[in-house]
Amino acid sequence: MPTEVKKVICASCDIACNVVAEVEEGRVLRVRHSDNPAFKDNICMKGVHAPKGFAHKDRVLHPLKRKGERGSNEWEQVSWDAAMNEIGERLRGVIDRYGPEAWAVSTSQWNTSTDYGMGRRVMNLVGSPNWISGVALCAGNTAAINRMTYGWFPMPDYNNTECIVLFGHNPKRHSWTPIYNNIQRAKARGAKLIVLDPRKSENAEQADLWLPLRAGTDAAMCMGWLKVILDEGLYDKAFAEQYTHGFEAFRERVNEFPLERVAQITGVDEDLIRQAARMYATNGPSIIPWTPITDQQRNSTSAIRLHCALRALCGYIDVPGGEVLMGFNPSVVQDSQIELHEVLPQEQKEKQLGSDTHPAFTYRGTAALGEPTKRVWGHEYANIVTGSYMANPSAVFRAMAHGDPYPVKAFIFLGNNPLMSYANMKLIHEGLMNQDLIVGHEQFLTPTAQLADFVMPADSWLERASIMDAYGWSSMVRPSEKAVEPPGECHSTFEFWRQLGVELGVGEQIPWQNIDEMHSFRLAALNIDFDAFHEKFEVFPAPIEFKKYEKVGFATPTGKVELESTILADLGFDALPYFRDDPETDPQYPLMMFMGVREDEFFQTGHRHIDPLRKRRPEPQLFVNPDTAVDWNISEGEWVEVANTLGSVRMQTAVRPDMPPDLIRIPHGWWKPETERGLGKLSGAWDMADAQICPDDEDFLDHEQGIPHLKGIPCRINKLDAQPQ
Ligand SMILES: Nc1nc2c(c(=O)[nH]1)N[C@H]1C(S)=C(S)[C@@H](COP(=O)(O)OP(=O)(O)OC[C@H]3O[C@@H](n4cnc5c(=O)[nH]c(N)nc54)[C@H](O)[C@@H]3O)O[C@H]1N2
Ligand SMILES: Nc1nc2c(c(=O)[nH]1)N[C@H]1C(S)=C(S)[C@@H](COP(=O)(O)OP(=O)(O)OC[C@H]3O[C@@H](n4cnc5c(=O)[nH]c(N)nc54)[C@H](O)[C@@H]3O)O[C@H]1N2
Ligand code: SF4
Ligand SMILES: [Mo]
């Protein structure tokens, strides 16, 4: 049988490379780079090893129903239909008893590829606003705050930019490979690179300027840049006058940050700050690509808004080489339209957890964008990167654990490992243990899945056709072919939601019987079915029109770039960006830690079961500066415990000269799938998962969004005698 070549989009991480699967006799022999020259460098070791991961003996191939106590790891195999039936019945029971808001869902969208807004649709039809996602601390929240500031989340134009600014963000050959390749190509063309990172990262090594700022001070650094740019007149005055709201008040706020103060907060030399600000403003068009680093800080909202202000004031918004407000692709039905947010009654929207205290990305916080979004982009709801209209994760876990302000008693997670993917794992654990029903749609028995009542087997990106539209962020749409049939009873997320919708009595509002019908619906304006679509297009872009704001304004309440936010003012927050410093430190915890530096071998909490990858990176590593290692009497390879007020994790020491003194790095999401499952151990999650030591009390939450600060948390090191067993 000849080898078939299938054009697929890798979903082993969230950057979605176009790759090729070579298939023989219904098996994927290998995943390799695309034949299209535009994509040929876009592949990493996770994509290459994906088939091995999906063929692993531990993959969940049939629905599992819990037999013993929750977390006992005793399961019985049941059929898909029987499981869905019982899930529906038990979920209806919870809803009847406590109301639809007692049902929460946690997901991360990108792993599942075929949600297409189906989850929100079912929840909206049933009446629950309590949807949370990993995007609350990765891109989704930035999208929401960008919308609040200028009405859309822009895409950087790497191909034409002259200057790239990375606030921490550190794409590598095997970490978000396409972005890494974009940066390399831009640099080869002569574009400048500015990196702000406490550590001398891989990108810092090759930067024109490296600003080694103190962790968590990005917002203050932006104030410094703006101070230079405004004082030296390096901004677009006509734009500021015509297209911004609150410029004078904003300028006054920036004036509170003379460079001396910024240097003191950030630890970076005044001259270097000045040089960087000038380079950004005068070497344009420049880009500040979205960075997860400012998604995960105490000053997240302010830092993101300051990035927006820099782009806007320097004239880099909606211009070639700058950052482009793409809008919807008019030829393809968007997830936002499928979600049906308009059917969720206002009374239910008001119950969305966290919207009273931390409203920025909730229904309450985004309500004022409805009318302007319709005016500029044609639809009231624009759920870019699914980051708008979310509940607050910490508030949901508190309601699950303590029934406050009302009980949440049923929890469904899909393509997400919630126990380990938010802050305060103990609270999440308590919340899970207090549920009447937990259902996971998963490929593996993750620590979260080990606590479920049902684990429903998920298909993989090689086993389904899908459409990728960068989560509504860009107007480019790309098809992914199904390479092979899913094994066992694995089904797609689409199918899970379709059937659950039927079980919950809203089947009539789900007109698509299968994914093919959904794809035809989404592509109807093109009058093409999925097969013809993928034959014809690898990328289907909408035409780009620059400076659209000159005709239609920005999709904000004032129609302008809101340097001073009318939305934040109405919600009772400071309408201007600000900087909140660290709380007083406890002498018991004199070190600072951050969660991050992604590992080439794994995506987030996943992939630890894939042998060749795990062999390369067998253990979680703590990065520590050589002098700090001496201070704490630890050396390369030794095992340590890192502790703070919440708990502790155990890792192996890696002495790294690229780390600054007194700042340590904790890797995200460690567990060992091969070790003992079930309550108590959870396959090593209680030993290694960083979420245990990520605080979620108010000192460590961003005010407006309520997302946790992962960049600068006080801690200490305790040396261990041996590797913990
Ligand atoms: N404490 C803490 N929390 C964090 C972070 C941190 O550093 N520390 N980082 C944040 C960031 S940046 C992100 S992006 C999020 C990521 O959070 P998640 O999106 O939860 O990421 P993963 O840990 O990869 O979990 C994805 C799960 O989906 C499963 N999966 C993979 N493919 C499929 C599929 O096709 N279908 C289904 N149904 N399941 C699938 C995998 O087995 C895996 O268990 O976490 C955020 N949360
Ligand atoms: N191989 C692989 N690739 C991945 C992932 C993966 O798990 N594995 N995950 C993907 C996902 S979902 C994401 S979100 C990205 C994340 O990837 P990146 O955005 O690159 O984030 P990290 O690798 O966590 O950290 C990048 C840098 O931030 C620096 N840093 C730490 N604290 C601060 C701070 O307060 N301010 C500043 N300016 N810098 C700071 C660190 O020193 C580090 O060098 O990676 C993506 N790519
Ligand atoms: S960077 Fe790697 S894992 Fe991510 S989409 Fe591309 S090939 Fe897949
Ligand atoms: Mo992320």
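This report walks through the surroundings of two ligands and one buried asparagine in a predicted model.

**Ligand 1**

Let's start with ligand 1, which has 29 residues around it. Ser108, Asn416, Ser421, Glu442 and Thr605 come nearest. By residue type, that shell breaks down into 10 nonpolar, 14 polar and 5 charged. Where does ligand 1 lie with respect to the domains? Domain 2 (105-142 + 327-541) and domain 4 (591-719) both contribute residues to its shell, so ligand 1 lies between them.

Side chains make the polar contacts picked out here. Asn416 places a polar side-chain atom 2.6 Å from an oxygen atom of ligand 1. Asp690 has a polar side-chain atom 2.8 Å from a nitrogen atom of the ligand, and for Gln604 the distance from a polar side-chain atom to a nitrogen atom of ligand 1 is 3.4 Å. As for cover, ligand 1 on its own has 930 Å² of accessible area, and the protein covers 95% of that.

**Ligand 2**

Now for ligand 2, which is surrounded by 32 residues. His169, Asn170, Asp197, Gly216 and Phe602 are the closest. Its shell divides into 13 nonpolar, 10 polar and 9 charged residues. Domain 4 (591-719) turns up here too, with domain 3 (155-324) as its partner: both give residues to the shell, so ligand 2 sits between them.

Here are three polar contacts of ligand 2, each to a nitrogen atom of the ligand:

| Residue | Protein atom | Distance to a nitrogen atom of ligand 2 |
|---|---|---|
| Lys46 | side-chain N or O | 2.9 Å |
| Glu599 | backbone N or O | 2.8 Å |
| Phe602 | polar backbone atom | 2.6 Å |

With those contacts in view, look at the cover: of the 910 Å² of accessible area that ligand 2 has on its own, the protein covers 98%.

**Asn329**

Finally, a look at Asn329, found in the loop between strand E14 (323-324) and helix H14 (335-339). Is Asn329 buried or exposed? Its relative accessibility is 3%, and buried means under 20%, so Asn329 counts as buried.

What does the side chain of Asn329 meet? One of its polar atoms lies 2.9 Å from the backbone nitrogen of Ser331, and there is also a distance of 2.8 Å between a polar side-chain atom of Asn329 and the backbone oxygen of Ser475. Leaving aside residues up to four places away in sequence, Asn329 touches Gln334, Ser475, Val477, Phe540, Pro541 and Ala542. Ser475 therefore appears both as a polar partner and in the list of contacts, which are heavy atoms within 4.5 Å.

Methods:
Residues numbered from 1 in each chain as written. Chains lettered and ligands numbered in written order. Predicted model: local features only at pLDDT ≥ 70, side-chain atom pairs only at ≥ 80, totals over all residues. Heavy atoms only, no water. Near = heavy atom within 4 Å. Polar contact = N/O pair within 3.5 Å; in protein donor to acceptor, adjacent residues only side chain to side chain. Areas by Shrake-Rupley, 256 points an atom, 1.4 Å probe, with all protein chains shown as cover. Nonpolar A, V, L, I, M, F, W, Y, C, P; charged D, E, K, R; others polar. Domains from an automatic or database assignment. Helix = DSSP H or I, 4+ residues; strand = E, 2+ residues; numbered from the N terminus. Buried < 20%, exposed > 50% of the residue type's maximum accessible area, 1.4 Å probe, protein only.
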